Amino acid sequence: MAMNDKSPDHRTRGAKRLFTAALVLASGLSAMLLTSCESIGGKYGPGAGVFDTVIVDAGHGGHDQGAKSVSGAPEKALTLDTAHRLATVLRGNGIRVIETRTGDYFVTLGGRVAVSNKTGRAVFVSVHYNWTKRRGAQGIEIYYNDRRSMRLAANILQETLGVYHANNRGIKNQGLYVLRHNQRPAVLCELGFVSSPGENRNLQSADVRQHLAEKVAAGILAEQAGRIP
Ligand SMILES: [Zn+2]
């Protein structure tokens, strides 16, 4: 009886030691896995994951002119034109594209996000041009609002910067409506300032917008392929 009394206790202590060893091993393994996941995603996070569809969102439209350019077409016309070019390039690369607007009419922000949220295996890419009172402000910046959209933003930025040698204003985390309410990885591209006389001259050119569309598409395709920018 004495032995029987003692041995379960002994076995329990042994099992405890084994359990502790297993825990240490498991936490070490998960730390290693986390480290390798970080390096797979790079400093831009895990990426957008698997997608075969792009929601192309032309900013503004209808009574919402967007930014007023220093000369030439307003933002709503430039975004529609660029978005349509982007859709064409993506379709040519076998990507399914859904456009949130295809003409000069108003679409609510909620309506734009709803299209995205009801579509599976998709990313949302919104096209805008920038404006500020300061005429000297120039360059491209890409907004995102969650970690899985960060690498898509960085991939698009990397591709587009060379189009007209724009200032690199970076990728920026901001809770813009169409990003914050989006259930898909989502970015908003500010592809240059129509308030800058020099930059606006570039952006009013159809050739430059075609080149921008091709480079936004290249960034999206790089993200789909898992490129770490
Ligand atoms: Zn805009």
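How many bridges join strand β1 to strand β2, and in which direction, parallel or antiparallel, do the two strands run? In this predicted model, β1 covers residues 53-58 and β2 covers residues 96-99, and the two strands run parallel, joined by four bridges. To find the pairing by eye, look for I55, which stands opposite I98 in β2. While tracing a strand, it helps to remember that in a regular strand the side chains alternate between the two faces of the sheet.

Between these two strands the chain passes through helix α2, which spans residues 75-92, and β1, α2 and β2 together make a right-handed β-α-β unit. This unit is one part of a chain that holds seven helices and six strands, whose order from the N terminus on is α-β-α-β-α-β-β-α-β-α-β-α-α. Of the 229 residues of the chain, 40% count as buried. Another way to look at the whole chain is through its contacts: among those between residues at least 6 apart in sequence, 80% join residues at least 24 apart.

Helix α2 offers a place to see how parts of the chain that are distant in sequence meet in space. It packs against helix α7, residues 206-224, at an angle of about 50°, and the axes of the two helices are 8 Å apart. Angles between 35 and 65 degrees fall among those that count as oblique, and α2 and α7 are therefore oblique to each other. Their crossing is right-handed. On the α2 side the contact is made by L78, D81, T82, R85, L86, V89 and L90, while α7 contributes R209, Q210, L212, A213, E214, V216, A217 and I220.

One of these residues, D81, deserves a second look. It lies in helix α2, and its C-alpha atom is 8.4 Å from that of A206, although D81 and A206 are 125 residues apart in sequence. Is D81 buried or exposed, or something in between? A residue needs 20 or more C-beta neighbours within 10 Å to be buried, and 12 or fewer to be exposed; D81 has 17 inside that distance, so it counts as partly exposed.

A similar case is found at S205, in the loop between α6 (197-203) and α7. The C-alpha atoms of S205 and G72 are separated by 9.9 Å, while the two residues are 133 apart along the chain. Because S205 has 14 C-beta neighbours inside 10 Å, it too counts as partly exposed.

Technical notes:
Residues numbered from 1 in each chain as written. Predicted model: local features only at pLDDT ≥ 70, side-chain atom pairs only at ≥ 80, totals over all residues. Pairing = 2+ DSSP bridges. Right-handed = clockwise from strand over helix to strand, strands pointing away. Axes fitted to C-alpha atoms, helices over the stretch in contact; angles between N-to-C directions. Parallel < 35°, antiparallel > 145°, perpendicular 65-115°, else oblique. Left-handed = near helix turned anticlockwise from the far one by under 90°. Contact = placed C-beta atoms within 7 Å.
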